[in-house]
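Okay, hi everyone. I'll walk you through one chain today, so have the sequence and the 3D view open in front of you.

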Amino acid sequence: MQSRQFQSAAQNSAAAFALSLVMLLGGALAAPQFDRLQAIAASRYGEAGSSAVRAWRAMLRDAETEPDDQKLKRVNDFFNRRLRFIDDVEVWGEADYWATPLETLGRGAGDCEDFSIAKYVTLKALGIPEERMRLIYVRAQLGGPYSRLTQAHMVLGYYSTPNDEPVVLDNLISEIRPAATRTDLFPIFSFNAQGLWVGGGNTPAASPTERLSRWRDVLNRMREEGIE
Amino acid sequence: MSLIRQLWIAIAVVTLLAFSGSLVLGTLSARQYLEEQLRIKNVDNATSLALSMSQLPKDPVTVDLLLAAQFDAGHYEYIRVVGPDGKLLAARESKAVSPLAPTWFMALAPIQVSEGSAQIQDGWRQFGTLHLKSLSSFAYRNLWHGTLELLAWFAVGATLCGVLGTALLKRLLSPLDRVVDHAKAIGERRFITTPESTTTEFRTVVAAMNQLSSRVGTMLSEESARLEALRLQTQHDAVTGVLNRSHFLNIVDEALESEQAPAGGLLAMIRMPDLADLNRELGRSTVDAMLQKLASGLTDFGNSQHGWAVGRLNGSDFAVLAPDAGPGDDLPLRLSESVNLAVGEYMRNAELQIAIGLASYRRGNTLPQLLSHADMALSKAIEQGGHPVLEAVNAILHPITDLAGWREGLCAALDARRLTLHAFPVLNAKGQLLHNEAPVRLQLERNGEWLCAGEFMSWAARAGLIERIDLVVLELALAHMRKDSRPLCINLSSESMCSASSLSAFSKQLADLPDIAARLWIDLPETAAYAHIDAFRRFCAELKPLGCRIGLEHVGQRVGQIGELSEVGLDYLKIARTITRGVALNTGSQTFLRGLATIAHAMGMEVIAEGVGSADEGKLLISLGMDGVTGPGIS
C-alpha cells in the first residue's frame with residue numbers, strides 16, 4: 001500500500017527529485033547535519049555522547065550500500081549492543097519519556113520505545129520506506145511460555161510485503177526473528193509516522209497542539225535536532 | 001474642505017482600518033483554531049477507532065458495524081478502511097449537508113482540515129489503514145457567527161467612536177471657531193481683539209491677530225488725532241476755540257439749505273466794542289482772556305441744545321446759530337444772561353457795552369439775506385443800548401406750534417401712510433450710481449404740503465414717534481426696491497438704532513429678503529454712533545450679516561474718535577457738507593479730507609462727499625480720495 005503522502009510527493013516532481021537526491025547521498029542525513037548533531041551531542045553529553053554519534057554516523061555510512069536485510073541487522077545490532085535497557089524513570093526522571101535518537105545515544109540508555117524509535121529513524125535514514133515499518137505496542141510474556149508475568153513493551157516491525165507477517169526488531173531478544181516465532185509477544189496496536197504530516201501538518205512546530213501527542217512531540221524534537 | 005470634515009474622515013479611516021483589521025485577524029485566528037481542533041479530532045478519532053478495531057474480530061460485519069456505529073453517532077464526512085494493498089474494505093460517507101454559512105464566506109475563509117489516519121492491526125498482520133474526516137460545516141457555522149458578532153461589535157464601536165469623536169472634536173475645535181471669526185473680522189477690516197485661547201497653537205494665532213489689531217488700532221488713533229488737530233486748526237478760531245468764520249458760515253449755509261435741518265431758526269450776533277480801543281485800554285492779554293470767557297460762555301449756551309453752533313465771525317463779532325428756535329422763544333433773554341454771566345465783571349469795570357442782535361430765518365433764505373438782517377438787528381441794539389433786538393422778518397409761520405398738535409398730525413400721517421421717499425443720486429468716481437439716497441417726506445394733512453425731514457423730525461422726536469416713522473421708511477424702501485433693482489439708501493435715527501424692538505423688526509424684515517438687503521444702504525447720524533457706541537455695535541452686528549451696508553452720515557465733527565469704529569466694520573462715511581463746501585478755495589479742508597479718506601480706506605470704508613455744489617467740485621473731491629459724491633451739483 002502506498003500512503004497519500006507518498007502519492008502526493010510523487011506527483012510533485014520537484015519534491016520527488018529532492019527526495020531522490022537525498023537518498024542518493026546515502027540516507028536522509030547529509031554531512032553538515034551530522035556535524036551539527038555531533039556538536040549538540042558534545043555540548044550536551046560530553047565526549048561519550050559525541051563518540052556515540054560518531055559511531056552512529058560510521059554505522060550509517062557502512063550500511064548505506066547494503067541490502068535491506070543487512071541494514072536491518074546492522075541497525076538492530078548497533079542499538080541493542082550500544083544502549084542499556086533502563087527504565088525511563090531512571091534515565092529521565094519521568095514515568096514515560098519518549099527520547100529522540102540523539103538523546104538516547106547521548107545517554108547510552110533507553111527503554112523499549114527509545115530503542116524502537118531510534119531503530120525506526122535510523123532505518124528511515126537508510127532509505128527503508130516508512131510504510132514497511134510499524135512501531136508496535138505488544139504485551140510481552142516474560143520468563144517462558146507458562147509465565148504469567150507480562151509487561152507492556154514496544155518493538156519495531158518490518159513488513160517486507162504488505163500482506164505478510166513482519167520480522168521483529170526487539171531489544172529483549174536481540175536477534176531479528178519473524179513475528180510468528182515470537183510467541184512471547186502479543187501485538188496490540190501499531191503505528192508509524194505516515195499520515196502525520198499531511199496537509200497543514202507540514203510545519204508542526206508552528207502548532208502548539210502538536211506537543212500534546214508524545215509521538216508527534218518526539219518527531220518534532222527530532223526535527224529540531226536536525227533528523228528528518 | 002473644513003478641518004472638522006478632514007478630521008472626521010481621518011477618524012473614520014482609522015476606525016475602519018482598526019476594526020476591519022481586527023475582523024480579518026479575528027476570523028483568521030478563529031479559523032486557525034477551528035482547523036487545529038478539527039485536525040486533532042480527526043487524528044484522535046482515527047486512532048481510537050483503529051485501536052478498537054485492532055482488538056476485535058476482523059470479519060466484514062464486525063468491521064462494518066464498528067464503522068457504522070462510529071459514523072452514525074458522530075459527525076463525519078467519511079470513514080474509510082483501506083487494505084494494505086489499497087483495496088477499499090469498508091466505508092461510510094455522509095450525504096451533502098446543506099451549508100450553515102453563505103457559500104461566498106466559505107470560499108473566502110475556507111477551512112481546510114487534513115484527514116486523520118491510523119493503522120489497524122490484525123495480530124501481526126496489517127489489516128488496513130483507517131481514514132476519517134470530520135464534517136466542517138459546524139466549524140463554518142461557528143466561524144460565520146463569530147464573524148457576524150464581530151461585525152456587530154464593529155458597528156457599535158464605530159458608531160460610538162463617531163459620537164465620541166464628534167463630541168471631542170467639537171470641544172477641541174471650539175476655540176478654532178473664535179479664531180476663524182477673528183480672522184474673518186480682520187479680513188473685513190474689523191480690528192477686534194479676542195481673549196486668548198487655552199490651546200497653545202490657537203493662542204499664538206490669536207495673540208498675533210490681537211497684536212495686529214492693536215497695532216492697527218494705535219495707528220488709527222494716532223492718525224485720527226492728527227486729523228482732529230488739523231480739523232481744529234482749519235475749522236476753529238485759534239484764540240477762543242469756537243468755530244472760525246468760514247466754517248461757521250458753512251454751517252449756517254447748510255442750515256438754510258438742508259432738507260434734514262429744521263425748517264427755520266435764529267441766528268444771534270454778539271458784538272464787542274472796537275477791539276483796538278479795548279486792547280489799548282485793558283491790555284491785549286486781558287482782552288484775550290475776556291474773549292475766551294465770552295466764547296466759553298457762548299459755547300456752554302450753544303451746547304445746551306443739539307445742533308446749535310457758536311462761531312467767531314471776526315475780531316469782535318461772535319455768532320450763535322440756533323436752528324429750530326422760533327421768534328417766540330426766550331432765547332434772546334437767556335443769551336443775554338449767559339453773556340452777562342461770562343463777561344459781566346469786565347462790562348462793569350470798563351463800562352463795556354456788548355450788543356446782541358438776532359434774526360430769524362427759514363429754509364430757503366440766502367446767507368447774505370440772513371446776515372444783513374442780523375446786522376440790522378445788531379445796529380438797532382447798539383442804538384438802543386443794552387437790550388437784545390430780534391428781527392423776526394422771515395420767521396416761519398407754521399400752522400401747528402404745539403406738541404399735541406404735531407403728535408396728532410404725525411399720527412394721522414403715519415396711519416394714512418402719508419409718507420414718501422425722495423431720491424437723490426450718489427455717484428462713484430466713474431460717475432456710476434452707487435445708490436439713491438432717499439430722505440423721507442411727510443404730509444401732515446391730506447393734499448397738504450410735503451414736509452422735509454428737518455421740519456418734522458424734531459417734533460417727531462419729542463412726540464416719541466421716530467421709531468414708527470423709521471419702520472415705515474424701511475417698509476417704503478423695501479416696497480420700492482421690489483420694483484426697482486437699483487441700490488437705495490435710507491436714513492435711520494439714533495432712537496431706532498438704540499431700540500431693541502426696532503432692531504429686531506428691521507432684521508426680521510431683511511432676513512426674508514436677502515437680495516433686497518444686499519442693495520440696501522443705511523445711514524446713521526455720526527453723533528448717534530459715538531453717543532451710543534454699544535447700541536451702534538449691536539445694530540451693525542445684527543444687520544450687517546444680512547447683507548446691507550451701514551455707514552455714517554454728516555461726518556466731520558468727531559473724526560478724532562474714528563479709531564473707535566475700527567471694530568465695527570462700517571462700510572462707508574458720508575462727509576458733511578459743512579466740510580466739503582467751498583473745498584476748492586480751502587487748502588486746509590483739502591488736507592483734512594485727504595487724511596480722512598486715507599484713514600477710512602485703511603479701515604475698509606468708502607468715503608462719500610455730501611452737498612457737492614458742482615461737477616468741478618465733485619471732480620476735485622474725487623481727486624482728494626472720495627469714493628462717491630452727492631449733492632445739488634451731482635445728478
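Let's start with contacts in chain B. If you take the ones with a separation of 6 or more, 68% are between residues 24 or more positions apart. Keep in mind that this is a predicted model. For chain B the mean pLDDT is 87, and 97% of the residues reach 70 or more. For the complex, the predictor gives an ipTM of 0.74 and a pTM of 0.58.

What's in the chain? There are 21 helices and 20 strands in chain B. Of its 635 residues, 39% are buried.

Now, the sheets. Quick reminder: strands in a sheet pair through backbone hydrogen bonds, and the pairing can be parallel or antiparallel.

Look first at the open sheet in chain B, which has four strands in the order β2-β1-β4-β3, paired antiparallel. Which strands sit at the edges? Those are β2 (88-93) and β3 (116-122) of chain B, and each pairs on one side only. From one strand to the next, the twist averages 15°. Zoom in on β3(B) and you'll see seven bridges joining it to β4 (residues 125-134) of chain B, with the two running antiparallel. Here B:Asp122 stands opposite B:Arg125 in β4(B). There's a helix here too: α2 (residues 60-73) of chain B lies across β1 (76-82) and β2, at about 25° to β2(B).

Next, the barrel. This one is closed, with eight strands of chain B running β11-β12-β15-β16-β17-β18-β19-β20, and the pairing is mixed. For a parallel pair, find β16 (residues 520-525) and β17 (residues 549-555) of chain B, joined by five bridges. B:Asp523 stands opposite B:Gly551 in β17(B). And again a helix lies across strands: α13 (residues 466-483) of chain B covers β15 (488-491) and β16, running at about 175° to β15(B).

Last stop, two helices. How do α11 (residues 403-415) and α12 (residues 453-463) of chain B cross? Their axes come within 9 Å and cross at roughly 100°. Angles from 65 to 115 degrees count as roughly perpendicular, so that's what we call α11(B) and α12(B). From α11(B), the contact uses B:Leu403, B:Trp406, B:Arg407 and B:Leu410, and from α12(B) it uses B:Phe456, B:Trp459, B:Ala460, B:Arg462 and B:Ala463. Sort those by class and you get seven nonpolar, no polar and two charged residues.

That's my tour, thanks!

Conventions. Residues are numbered from 1 along each chain as its sequence is written. Chains are lettered from A and ligands numbered from 1 in the order in which they are written. This is a predicted model: local features need pLDDT of at least 70, side-chain atom pairs count only at pLDDT 80 or more; totals for chains, interfaces and linings use all residues. A residue is buried if 20 or more other C-beta atoms lie within 10 Å of its own, exposed if 12 or fewer, and partly exposed in between; C-beta atoms are placed from the backbone. Two residues are in contact if their C-beta atoms, placed from the backbone, lie within 7 Å. Two strands pair if DSSP finds at least two bridges between them. Axes are lines fitted to C-alpha atoms, for helices over the stretch in contact, and angles run from 0 to 180 degrees between N-to-C directions. Angles under 35 degrees count as roughly parallel, over 145 as roughly antiparallel, 65 to 115 as roughly perpendicular and the rest as oblique. Ala, Val, Leu, Ile, Met, Phe, Trp, Tyr, Cys and Pro count as nonpolar, Asp, Glu, Lys and Arg as charged, and the others, Gly among them, as polar. pLDDT is the predictor's confidence in each residue, from 0 to 100.
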